[in-house]
Amino acid sequence: MVGDGKIEEESVHQLLDFGDVPIGTSTYKTFQVKNMSSVNANVTISHQISGTVAMDKVFVCKKRQHLIKPHSSISVKIDFLPTIEKMAYTDYFYISPAGFPSQCVVKCIGRSTAPDIKLSSNILSFKYAELGTENKQYLTISNQSNVKTSYQIVLDSTESVFKVDKSCGTLDGKEERTIVVIFVPLQAIPYYKRIPILLHRQEPIFLDLLGSGFTNDIRPARLIGQDLDNFVEKVRTGLSMYLRRFRLEY
């Protein structure tokens, strides 16, 4: 039945589909093994993956030896603990009665899911704000998956004109949270800052913050979202006129 690590589908006696399971959590399924004979049967459950080390085995059967009484059955438990996000797993277990050359094959399949964090907007624009005043915008961060995860907003509020009220936290599956973003301009210039948001088991996402400080005497050019790409490209290429007109925070 087995050759080069592959198993013909017609050799599979039972399929266990574990479905979608959040990474870092576990679930289990059971199957029945029945002794149809009139004598006790010793059964061994083996688990072999060609070319795969033990740490990669996400399907686990803890009890491998069983004694089944005549015309009785036992329940065998298989645990599934995915370790790599967004991956489909396939594995096989072999049930071998003592004294018989044949085997029964149980095929296990399952998929892992990962956090999916979204922002209500990737750009917050404060437009014009008077120097020294506190201006607020509201940002919603939501977990669109069923996987619990944590986040951290990388922002030093002591050094920046932009601040947040909740810089880190944990989101349960399908949970969302509102974060208050504050802008207190210190100079009559446009400001721009890109903030990374670090996520557990997910690539970072970024939030762009825009705002312009003003006084009764000075009202600088207002940096708005549609100008952002052009502004960042000018700064990247080193055009000094943009560096004089805008405050780019790091």
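## Exercises on a predicted model

A search of the whole structure finds zero disulfides, a disulfide being a pair of cysteine sulfur atoms within 2.5 Å. The model is predicted: local features need pLDDT of at least 70, side-chain atom pairs count only at pLDDT 80 or more, and totals for chains, interfaces and linings use all residues. Residues are numbered from 1 along each chain as its sequence is written, and side-chain values use heavy atoms, with hydrogens and water left out.

**Exercise 1.** Explain why Cys61 has no bond to the closest cysteine sulfur.

*Solution.* Begin with the chemistry: a disulfide is a covalent bond between the sulfur atoms of two cysteines. Next, find the partner candidate. The closest cysteine sulfur to that of Cys61 belongs to Cys108, and because the distance is 9.0 Å, the two are too far apart for a bond. Finally, check the surroundings: Cys61 is buried, with a relative accessible area of 4%. Buried means under 20% relative accessible area, exposed over 50%, and partly exposed in between (1.4 Å probe, protein chains only).

**Exercise 2.** Work out the strand order of the open sheet that contains β4, β8 and β6, and identify its edge strands.

*Solution.* Strands (E, at least two residues) are DSSP runs, numbered from the N terminus. Two of them pair if DSSP finds at least two bridges between them. The order is β4-β8-β6, with antiparallel pairing. The edge strands are β4 (27-34) and β6 (59-60), each pairing on one side only. Between β6 and β8 (residues 73-80) there are two bridges. Phe59 has Phe80 in β8 as its bridge partner.

**Exercise 3.** Describe the pairing of strand β18 with β14 and with β19.

*Solution.* Strand β18 covers residues 190-199, and seven of its 10 residues are buried. Take β14 (residues 149-153) to start: this strand pairs with β18 in the antiparallel sense over three bridges. Ile153 stands opposite Ile197 in β18. Then take β19 (residues 202-214), which is antiparallel to β18 over nine bridges. Here Tyr192 has Leu210 in β19 as its bridge partner. The hairpin of β18 and β19 has two residues between the strands, and Arg201 takes a positive phi near 60° there.

**Exercise 4.** Determine the setting of His47 and the polar contact of its side chain.

*Solution.* His47 is found in strand β5 (residues 41-47). His47 is buried, with a relative accessible area of 8%. Its side chain makes a polar contact with the side chain of Asp91 at 2.5 Å. A polar contact is a pair of N or O atoms within 3.5 Å; within protein, one must be able to donate a hydrogen and the other to accept it, and residues adjacent in sequence count only if both atoms are side-chain atoms. Leaving aside neighbours within four places in sequence, the residues in contact with His47 (heavy atoms within 4.5 Å) include Lys57, Phe59, Arg64 and Tyr92.

**Exercise 5.** Count the aromatic pairs and classify Phe80 with Tyr89.

*Solution.* Rings of Phe, Tyr and Trp (its six-membered ring) pair if their centres lie within 6.5 Å; planes under 30 degrees apart count as stacked, over 60 as edge-to-face and the rest as tilted. The count comes to nine aromatic pairs. Phe80 and Tyr89 have ring centres 5.8 Å apart and planes at 70°, so the pair is edge-to-face. Phe80 is buried at 0% relative accessible area, and Tyr89 is buried at 8%. Phe18, Phe59, Phe80 and Tyr89 form one aromatic cluster.

Key:
Helices (H or I, at least four residues) and strands (E, at least two) are DSSP runs, numbered from the N terminus.
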